[in-house]
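Got your viewer open and a selection box ready? Let's take a walk through this one, stop by stop.

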Amino acid sequence: MFAEERRAEIAKLVASARRVNGADLARRYDVTMETVRRDLAALEEAGKLRRVHGGAVTIEQSTSLESSISSRQGMNTPEKRRIATKAYQMLRDSEAGSIVLDAGSTIEILADHIGAENFSLKTGNDRIVITHALHIAVKLAEAEGVTLELVGGQLRKMTWAAVGARAAEHFGTMRPDIAFIGANGIEAHFGISTPGMNEAIVKTAICKAARRVVLLCDSAKFGQESLVRFAGFEDIDTLITDREPEGALRQALEAANVEIVIA
């Protein structure tokens with residue numbers, strides 16, 4: 001196989017798997033690690049991927065860059081749907097009367113579930129749903145059994161969410177029963193992270209405010225670090241994901257007594 005053909009295949013593999021291991025590529029193509037390193041360097045220069053220790057990831061997984069919410073809605077859709085469905089089942093069966101919904105594509109799917117049927121408590125009272133995300137609010141504005149509470153602030157166009165100190169201060173005045181949050185990275189030593197500093201301020205405030213914090217995170221984000229750490233594992237109670245965490249990440253979650261739920 002010519003180098004150009006091999007590199008084209010590697011680029012396609014990274015695009016579909018989102019992460020590749022250098023040693024695996026060497027075995028797959030029966031080449032040396034030095035050849036793999038040259039291939040990855042050439043692909044990085046061409047803007048096809050980003051090199052990381054041990055391999056490469058997609059450009060979207062840069063620590064400081066973030067894809068728009070419209071593009072993220074198309075990534076890992078089956079996994080995100082399973083995670084959101086599991087989260088909804090958990091929420092539906094609970095007596096949580098006040099719920100925070102963070103911004104994010106998986107949480108948007110959760111909002112679809114909430115808006116699809118009467119979401120009131122067994123007593124017949126509405127549940128209060130609190131969000132700073134416009135796309136979440138639109139889905140729930142007329143939902144049966146829902147009283148919608150909007151949190152304001154500076155709008156971040158990338159995520160359609162209010163960010164910054166004003167939004168964080170608003171969440172700081174509340175004590176909701178449960179919060180569902182998203183993340184761009186979850187790593188054993190760095191913790192839970194997101195690319196935007198102003199967005200991280202709000203996520204931190206949500207984690208501090210809620211009585212229970214549930215992280216919705218697909219396994220493609222395992223081992224990833226975005227620019228800003230907004231929570232440690234001790235700050236969350238439950239992780240809902242699509243695959244069992246392994247190695248150091250599993251150990252870190254268990255050490256913090258985080259409940260792991262597989263969708």
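What follows is a list of things to select, with a few words on what you'll find at each stop.

**Stop 1: the whole chain**

Before clicking anything, keep in mind that this is a predicted model. Colour the chain by domain to begin: residues 1-63 make up domain 1, and residues 68-260 make up domain 2. How many Å separate the centres of the two domains, taken over C-alpha atoms? Put a C-alpha centroid on each and you should get 32 Å.

**Stop 2: the seven-stranded sheet**

Now show strands as arrows. There's an open sheet of 7 strands, and reading across it the order is 6-5-4-9-12-14-15, with parallel pairing. Which strands sit at the edges? Select 146-150 for strand 6 and 259-262 for strand 15; each of these pairs on one side only. Going from one strand to the next, the twist averages 20 degrees.

Zoom in on strand 9, residues 178-181. It has strand 4 as a parallel partner, joined by 3 bridges, and strand 12 (213-216) as another parallel partner, also through 3 bridges. To see the register, pick Phe 180 in strand 9, which has Leu 101 standing opposite. Then turn to strand 12, where Val 213 is the bridge partner of Ala 179 and Leu 215 is the partner of Ile 181.

Next, switch on the side chains of strand 9. Are they buried or exposed? Ile 178 and Phe 180 point one way while Ala 179 and Ile 181 point the other, and all are buried.

**Stop 3: helix 8**

Select 165-172 for helix 8, and highlight Ala 167, Ala 168 and Phe 171, which are buried. Look down the helix axis: the buried residues fall within an arc of 100 degrees, so they line one face of the helix. Swing round to the other side and you'll meet Arg 166, Glu 169 and Gly 172, which are exposed.

What do the buried residues pack against? Add strand 4 (98-101), strand 5 (127-131), strand 8 (161-163) and helix 9 (197-209) to your selection, and you have their packing partners.

**Stop 4: the three-stranded sheet**

Move on to a second open sheet, this one made of 3 strands in the order 10-11-13 with antiparallel pairing. Strand 10 (185-187) and strand 13 (228-231) are the edge strands; each has a single partner strand, so one side of each is left without a neighbour in the sheet. Here the twist averages 40 degrees from one strand to the next.

Strand 11, residues 191-194, is joined to strand 13 by 3 bridges, and the two run antiparallel. For one of the pairs, click Ser 193 and look for Arg 229, its bridge partner in strand 13. Then bring back helix 9, which lies across strand 11 and strand 13 and runs at about 15 degrees to strand 13.

**Stop 5: salt bridges**

Time for the charged side chains. Opposite charges on side chains can pair when the charged atoms come close. With a cut-off of 4 Å between a Lys or Arg side-chain nitrogen and an Asp or Glu carboxyl oxygen, the count here comes to 16 salt bridges. Here are some to select:

- **Arg 27 and Asp 24.** Their side chains meet at 2.3 Å, N to O. The two residues are 3 apart in helix 2 (22-29), about one helical turn. Arg 27 is exposed at 61% relative accessible area, and Asp 24 is partly exposed at 41%.
- **Glu 44 and Arg 51.** The closest N and O atoms in this salt bridge are 2.8 Å apart. Glu 44 is partly exposed at 29% relative accessibility, and so is Arg 51, at 42%.
- **Asp 177 and Arg 211.** In this salt bridge the closest N and O atoms are 3.8 Å apart. Asp 177 lies in the loop between helix 8 and strand 9 and Arg 211 in the loop between helix 9 and strand 12, so the pair ties together parts that are 34 residues apart in sequence. Asp 177 is partly exposed at 28%, while Arg 211 is exposed at 57%.
- **Arg 6, Arg 7 and Asp 39.** Select these three together: they are linked in a network of salt bridges.

Note on methods
Residues are numbered from 1 along each chain as its sequence is written. This is a predicted model: local features need pLDDT of at least 70, side-chain atom pairs count only at pLDDT 80 or more; totals for chains, interfaces and linings use all residues. Side-chain values use heavy atoms; hydrogens and water are left out. Buried means under 20% relative accessible area, exposed over 50%, partly exposed in between (1.4 Å probe, protein chains only). Helices (H or I, at least four residues) and strands (E, at least two) are DSSP runs, numbered from the N terminus. The arc is that of the directions from the helix axis to the C-beta atoms. Contact means heavy atoms within 4.5 Å. Two strands pair if DSSP finds at least two bridges between them. Axes are lines fitted to C-alpha atoms, for helices over the stretch in contact, and angles run from 0 to 180 degrees between N-to-C directions. Domain bounds come from an automatic or database domain assignment.
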